[in-house]
Amino acid sequence: MRIRLSILLIIVLLTSCTPQTYTPINREQAVVGVVNIKEQSLSFIDYNTKKLLATWPLKQPITKAVLLPDEDTIVLFGQDMDDMIAYTLSTGKETKRWSVHKGVTDVLATERELLVVNEKKGTVSIMTFDGKVTDTIHTAPSPFTIVEDDKHRQWIVIHFKDGAISFIDQATKRVKRTVDTLDSAVTGLVVTETDELWVGGHGSGANVQQEAFVHSLVDGRMIASVPAKTMPIQFLQSDQSVYVLCHGSNMLYAFHPKTKRMINARDIGANPFAMTKVKDEIAIASYDSNELVFVDDKTLKQTKTVSVGNGPFYVFFRDAKGE
């Protein structure tokens, strides 16, 4: 009897230590992925059919995901997690797990490395795809989001507190300039053809943000402000437009990138938190309605709505292999 109990205990321990395998996501399929923070899951939607393919019940406090250059590996992370977890989409299996300090708010994947932003530590860590930290860049307090500016060979960090932007030289891997911007900034978009950086966020206290700020990529100075009510929290760009998503007003705006003139506007979703460009459409995470909303990128008219998990907070697109 004791031997049987011992064997059973060993089996239970081995099972509990084995990483969960989830529904594989075919590499030949174009998919939209959604991070659902209320239920701590990841939903996958077939882009062509607009149908739910699978939901991975991760049960980890993930807030975002980043797709690696092979487009079959996804890295999951969150502010309250002390590790980053990599999965292979085509197998549904965990492949790597790297220890990090709690406070990771954003990760940028380049062709060679990961740049890991830690708001609590006030750092950007440069990490190999094997999880080795090769350099640590110290920034102004509360780094939140990072974007890449290849034209000027710099990385740009948006700071949530104290309204700041840090410009990091890619060669020296050090901050070369820090400038002021709006309070509680959370997002940035590099517009290469105009040498501009669009910045958005929540605002602070009673001063709710009602416009996006536009800064120079060359010297950081503020060039313009673009009315975008209320709380512009994410940007996208196409050949014709800069799109601004405002989760305080449920509005999606399209602006001309050079003139800053509004081209179109649409009331969309319920407390939208994130969006991504998907071919000739935009996919928007509607947080309060637990839906992914697709809109035409020219007319901004809604084309499809798909139910996902509870609390869709972040969205990304992975095209089919060879597309």
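This report walks through the fold, cores and a few individual residues of a predicted model.

**Overall picture**

The protein is nearly a strand-only affair in its tally: 1 helix and 30 strands. Its radius of gyration is 20 Å, close to the 20 Å that the globule rule gives for 323 residues, so the chain is as compact as a globular protein of that length. The C-alpha trace spans about 80 × 45 × 45 Å along the principal axes.

Of the 323 residues, 52% count as buried. About 14600 Å² is exposed, and carbon and sulfur atoms supply 49% of that area. If you look only at contacts between residues at least 6 apart in sequence, 40% of them join residues at least 24 apart. As for charge, there are 36 positive and 38 negative ones, and their mean positions sit 3 Å apart.

**The cores**

In soluble globular proteins, nonpolar side chains tend to be buried together. Here the largest nonpolar core has 18 residues, and the members touching the most others are Leu42, Phe44, Trp56, Leu58, Ile74, Leu76 and Tyr87. Two or more residues each come from strand 1 (31–36), strand 2 (41–46), strand 3 (51–56), strand 5 (73–77) and strand 6 (83–88). Apart from this core lies another one, of 16 residues, including Val34, Tyr47, Leu292 and Phe294.

Leu76 is a handy place to zoom in. Leaving aside neighbours within four places in sequence, Leu76 is in contact with Leu42, Leu58, Ile62, Lys64, Ala65, Met81, Asp83, Met84, Ile85 and Tyr87.

**Three residues and their surroundings**

Ile37 sits in the loop between strand 1 and strand 2. What lies across from Ile37 in space, despite being 272 residues away in sequence? That would be Gly309, with 8.5 Å between the two C-alpha atoms. Beyond four places in sequence, the contacts of Ile37 are Ile62, Thr63, Tyr287, Asn310, Gly311 and Phe313.

Arg177 belongs to strand 15 (residues 174–180). The C-alpha atoms of Arg177 and Ile165 are 8.2 Å apart, with their positions 12 residues apart along the chain. Ile165 is also among the contacts of Arg177, along with Ser166, Phe167, Val218, Asp219 and Gly220, again leaving aside neighbours within four places.

Asp297 is found in the loop between strand 28 (291–296) and strand 29 (302–307). Is Asp297 buried or exposed? It is buried, because its relative accessible area is 8%, under the 20% cut-off. Not counting residues up to four places away, Asp297 touches Tyr243, Lys277, Lys279, Asp280, Glu281 and Ile282.

Here is how accessibility compares for some residues in this report:

| Residue | Relative accessible area | Class |
|---|---|---|
| Ile37 | 26% | partly exposed |
| Arg177 | 25% | partly exposed |
| Asp297 | 8% | buried |
| Ser142 | 5% | buried |
| Ser184 | 12% | buried |

**Backbone oddities**

Most residues other than glycine have a negative phi, and most peptide bonds are trans. Ser142 has a positive phi of about 60 degrees without being a glycine, and its place is the loop between strand 11 (133–138) and strand 12 (143–149). Ser184, also not a glycine, has a positive phi of about 55 degrees and lies in the loop between strand 15 and strand 16 (185–191).

Which peptide bond is cis? The one from Lys229 to Thr230, with omega near -5 degrees. Thr230 lies in the loop between strand 21 (222–227) and strand 22 (232–237).

Technical notes
Residues are numbered from 1 along each chain as its sequence is written. This is a predicted model: local features need pLDDT of at least 70, side-chain atom pairs count only at pLDDT 80 or more; totals for chains, interfaces and linings use all residues. Side-chain values use heavy atoms; hydrogens and water are left out. Helices (H or I, at least four residues) and strands (E, at least two) are DSSP runs, numbered from the N terminus. The radius of gyration is taken over C-alpha atoms; the globule rule is 2.2 Å times the number of residues to the power 0.38. Buried means under 20% relative accessible area, exposed over 50%, partly exposed in between (1.4 Å probe, protein chains only). Contact means heavy atoms within 4.5 Å. Accessible areas come from the Shrake-Rupley method with a 1.4 Å probe; for residues, only the protein chains shown count as cover. Lys and Arg count as positive and Asp and Glu as negative; His and the chain ends are not counted. The place of a charge is taken as NZ of Lys, CZ of Arg, CG of Asp or CD of Glu. A nonpolar core is a set of buried Ala, Val, Leu, Ile, Met, Phe, Trp, Tyr and Cys residues joined through side-chain atoms within 4.5 Å.
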